[in-house]
Amino acid sequence: MNITITPIGYLETPFEAVANMPIQPSVVAHTQGKAIIYEEFAKGLKDLEGFSHIILLFLLHKVEGYALEVVPFMDTVSHGVFATRSPKRPNRIGMSIVNLERIEGNTIYFCGVDMLNGSPLLDIKPYYSYFDDRTEVRNGWLEGKKFTSEILKSDNRFE
């Protein structure tokens, strides 16, 4: 089966390389970025501005290959890639929940950047607190870990 995905736009961010980039949007809650939506998809932005947060799905365009087991940024032991948020994934799809600041024309301004400049944007979904917020969760191998700013930045292990 072949699957074709057409980007709906691209992301403008301050990060040009994977090394030293934040690994989650919450780490850089105030770092600003833009999603530039191609004109043929701009009409799809109607009513999105009423949401405080959006989910961006994008291509991890500077990552090559994949590994089924990885040592993630927040650990020193190997885990299955699907039990991590490692970028070395079979389909290289990234996902971030970001704060929507405003929309001007075909440009979405947001905060919480953890993606590379020029990343192809695949889709946008509104964050619905009623459906998306979970209160009874298990955090797997991350349970009990202490998060410092040092471990919440990437290095070059997944380039």
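**Exercise 1. Pairing of the strands**

Starting from Lys34, which faces Tyr109 in S7 across a bridge pair, work out how strand S2 is joined to its partners and what arrangement the strands form.

Solution. The model is predicted, so local features are taken only where pLDDT is at least 70 and side-chain atom pairs only at pLDDT 80 or more, whereas totals for chains, interfaces and linings use all residues. Residues are numbered from 1 along each chain as its sequence is written, and side-chain values use heavy atoms, with hydrogens and water left out.

Step 1. The elements are DSSP runs numbered from the N terminus, with at least four residues (H or I) for a helix and at least two (E) for a strand. Two strands count as paired if DSSP finds at least two bridges between them. S2 and strand S7 (residues 107-111) run antiparallel and are joined by five bridges; besides the pair of Lys34 and Tyr109, Gly33 stands opposite Phe110 in S7.

Step 2. S2 is also joined to S1, by four bridges and again antiparallel, and here Gly9 has Ile37 of S2 as its bridge partner.

Step 3. Following the pairings onward, one finds that six strands close into a barrel in the order S1-S2-S7-S6-S3-S8, with antiparallel pairing. From one strand to the next the twist averages 45°, where the axes are lines fitted to C-alpha atoms (for helices over the stretch in contact) and angles run from 0 to 180 degrees between N-to-C directions.

Step 4. For the whole protein chain, the count is one helix and eight strands, and the order from the N terminus is β-β-β-β-β-β-β-β-α.

**Exercise 2. Salt bridges**

List the three salt bridges of the structure and state how accessible Glu12 is, together with its partner Lys34.

Solution. Step 1. A salt bridge requires a side-chain nitrogen of Lys or Arg within 4 Å of a carboxyl oxygen of Asp or Glu. Glu12 and Lys34 satisfy this, with their closest N and O atoms 3.9 Å apart. This pair links distant parts of the chain, since Glu12 belongs to strand S1 and Lys34 to strand S2, 22 residues apart.

Step 2. Relative accessible area (1.4 Å probe, protein chains only) is read as buried under 20%, exposed over 50% and partly exposed in between. Glu12 is therefore partly exposed at 31%, and Lys34, likewise at 31%, is partly exposed.

Step 3. Arg102 and Glu104 form another bridge, with 2.7 Å between the closest N and O atoms; Arg102 is partly exposed at 32%, and Glu104 is partly exposed at 42%.

Step 4. In the remaining bridge the side chains of Lys125 and Asp123 meet at 3.4 Å, N to O. Lys125 has a relative accessibility of 39% and Asp123 one of 29%, so each counts as partly exposed.

**Exercise 3. The surroundings of Ile55**

Is Ile55 buried or exposed, and which residues does Ile55 touch?

Solution. Step 1. Ile55 lies in strand S3 and counts as buried because its relative accessibility is 12%.

Step 2. With contact taken as heavy atoms within 4.5 Å, and leaving aside residues up to four places away in sequence, Ile55 touches Met95, Ser96, Ile97, Asp123, Ile124, Lys125, Pro126, Tyr127 and Asp132. Although Ile55 and Tyr127 are 72 residues apart along the chain, their C-alpha atoms are separated by 6.1 Å.

Step 3. For the protein chain as a whole, 80% of the contacts with a separation of 6 or more are made by residues 24 or more positions apart, and buried residues make up 39% of its 159 residues.

**Exercise 4. Positive phi angles in loops**

Where do Asp47 and Arg92 lie, and how accessible are these residues?

Solution. Step 1. Asp47, which is not a glycine, has a positive phi of about 75° and sits in the loop between strand S2 (32-37) and strand S3 (53-59). With 60% relative accessibility, Asp47 is exposed.

Step 2. Arg92, also a residue other than glycine, has a positive phi near 50° and belongs to the loop between strand S5 (79-80) and strand S6 (93-104). At 26%, Arg92 is partly exposed.
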